[in-house]
Amino acid sequence: MKNIIVQFSLILILPLLFVILVNEYSRLTTTDKSFVRKGVTTINPSIKTPKKCSWYCHTDTGYCKKHHTHLLKNHTSKIDPFYFGIINSLHNAGDYGLANIIFLVILFPALIYVLLIKNITIQRKIKKLKNG
């Protein structure tokens with residue numbers, strides 16, 4: 001039982017630590033000038049550049065798609081309805097930033113975590129039944 005709790009805790013904590021490590025490493029190694037958005041200093045600049053995504057791409061998705069989505073160019077017609085559907089839903093919630101945090105940072109990852117744990121639990125039961 002203790003082993004299961006440790007595994008499930010690691011499944012929850014390791015992805016969060018990975019995201020934090022990548023962000024902090026990016027913050028340390030970036031030479032671009034950051035900017036302040038709503039009182040928070042960002043890692044990325046807000047300049048318009050064809051070389052890489054910036055906060056400008058957050059505001060102008062068309063510019064980003066034109067200059068930065070080389071691998072996805074053939075698939076944007078399939079992705080766009082979902083992408084813009086999510087963006088429009090977040091805007092329609094009233095407070096885009098808060099809705100973004102609630103749904104994309106808390107609820108959606110929590111759903112994925114619960115489904116993953118359920119999957120692992122079912123797989124263990126199947127393995128136990130097969131082994132007698």
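# Exercises on helices, pockets and ring pairs

In this predicted model, helix α1 bends by about 25° at Ile-11, and a proline, Pro-15, follows within four residues.

**Exercise 1. Compare the end-to-end reach of α1 with the span expected at 1.5 Å a residue.**

Solution. Begin with the length of the helix, which is 28 residues for α1. The expected span is 1.5 Å times one less than the number of residues, so α1 should span 40 Å. The end C-alpha atoms of α1 are 39 Å apart, and this agrees with the expected value.

**Exercise 2. Carry out the comparison for α5, then locate its kink and describe the residue that comes just after the helix.**

Solution. Helix α5 has 36 residues, for which 52 Å would be expected at 1.5 Å a residue. From its first C-alpha to its last, α5 reaches 50 Å, which is close to that expectation. The kink in α5 is about 30° and lies at Leu-107, shortly before the proline Pro-109. Just after α5 comes Gly-132, which takes a positive phi of about 90°.

**Exercise 3. Describe the largest pocket by its volume, its central residues, the elements that supply its lining and the classes of its lining residues.**

Solution. The volume of the largest pocket is about 700 Å³. Its lining is made of 21 residues, of which Arg-37, Trp-55, His-58, Asn-100 and Ile-101 are the closest to the centre. Turning to secondary structure, at least two lining residues come from each of α1 (2-29), β2 (40-41), α2 (55-59), α4 (76-92) and α5 (96-131). The greatest contribution is that of α5, which gives six residues to this lining. Sorted by class, the lining of the largest pocket holds ten nonpolar, eight polar and three charged residues.

**Exercise 4. Which residues line the second largest pocket, and how do they divide into nonpolar, polar and charged?**

Solution. The second largest pocket contains about 310 Å³ of space. Its lining consists of Ile-11, Leu-12, Pro-15, Leu-16, Val-19, Val-105, Pro-109, Ala-110, Ile-112, Tyr-113 and Leu-116. Helices α1 and α5 each supply at least two residues of this lining, and α5 gives the most, with six residues. The division by class is into eleven nonpolar, no polar and no charged residues. Two of the names in this lining, Ile-11 and Pro-15, have already appeared in the description of the bend in α1, while Pro-109, also in the lining, is the proline that comes shortly after the kink at Leu-107 in α5.

**Exercise 5. Classify the aromatic pairs of the whole structure by geometry, and state whether each ring-bearing residue is buried, partly exposed or exposed.**

Solution. A search of the whole structure gives two aromatic pairs. In one of them, the ring centres of Tyr-56 and Tyr-63 are 5.3 Å apart and the ring planes stand at 85°, so the pair is edge-to-face, since planes over 60 degrees apart are classed in this way. Tyr-56 has a relative accessibility of 26% and therefore counts as partly exposed, whereas Tyr-63, at 12%, counts as buried, because the cut-off for burial is under 20%. In the other pair, the rings of Tyr-83 and Phe-84 have centres 4.9 Å apart and planes at 80°, so this pair is edge-to-face as well. Tyr-83 is partly exposed, with a relative accessible area of 33%, and Phe-84, at 32% relative accessibility, likewise counts as partly exposed.

**Exercise 6. For Asn-88 and Asp-80, give the helix, the burial class and one separation in sequence and in space.**

Solution. Asn-88 has its place in helix α4, and with a relative accessible area of 45% it is partly exposed. Asn-88 and Tyr-63 are 25 residues apart in sequence, and from C-alpha to C-alpha they are 18 Å apart in space. Asp-80 also has its place in helix α4, but at 19% relative accessibility Asp-80 counts as buried. From Asp-80 to Val-6 the separation is 74 residues in sequence and 39 Å in space, C-alpha to C-alpha.

Methods. Residues are numbered from 1 along each chain as its sequence is written. This is a predicted model: local features need pLDDT of at least 70, side-chain atom pairs count only at pLDDT 80 or more; totals for chains, interfaces and linings use all residues. Side-chain values use heavy atoms; hydrogens and water are left out. On a 1 Å grid over the protein atoms alone, a cavity is a set of points where a 1.4 Å probe fits but cannot get out, and a pocket is an open set with protein on both sides within 12 Å along at least five of seven lines; lining residues have an atom within 4 Å of a point. Grid points are joined across faces, edges and corners, and a volume is the space filled by probe spheres set on the points. Ala, Val, Leu, Ile, Met, Phe, Trp, Tyr, Cys and Pro count as nonpolar, Asp, Glu, Lys and Arg as charged, and the others, Gly among them, as polar. Rings of Phe, Tyr and Trp (its six-membered ring) pair if their centres lie within 6.5 Å; planes under 30 degrees apart count as stacked, over 60 as edge-to-face and the rest as tilted. Buried means under 20% relative accessible area, exposed over 50%, partly exposed in between (1.4 Å probe, protein chains only). The bend at a residue is the angle between axes fitted to the seven residues ending there and the seven starting there.
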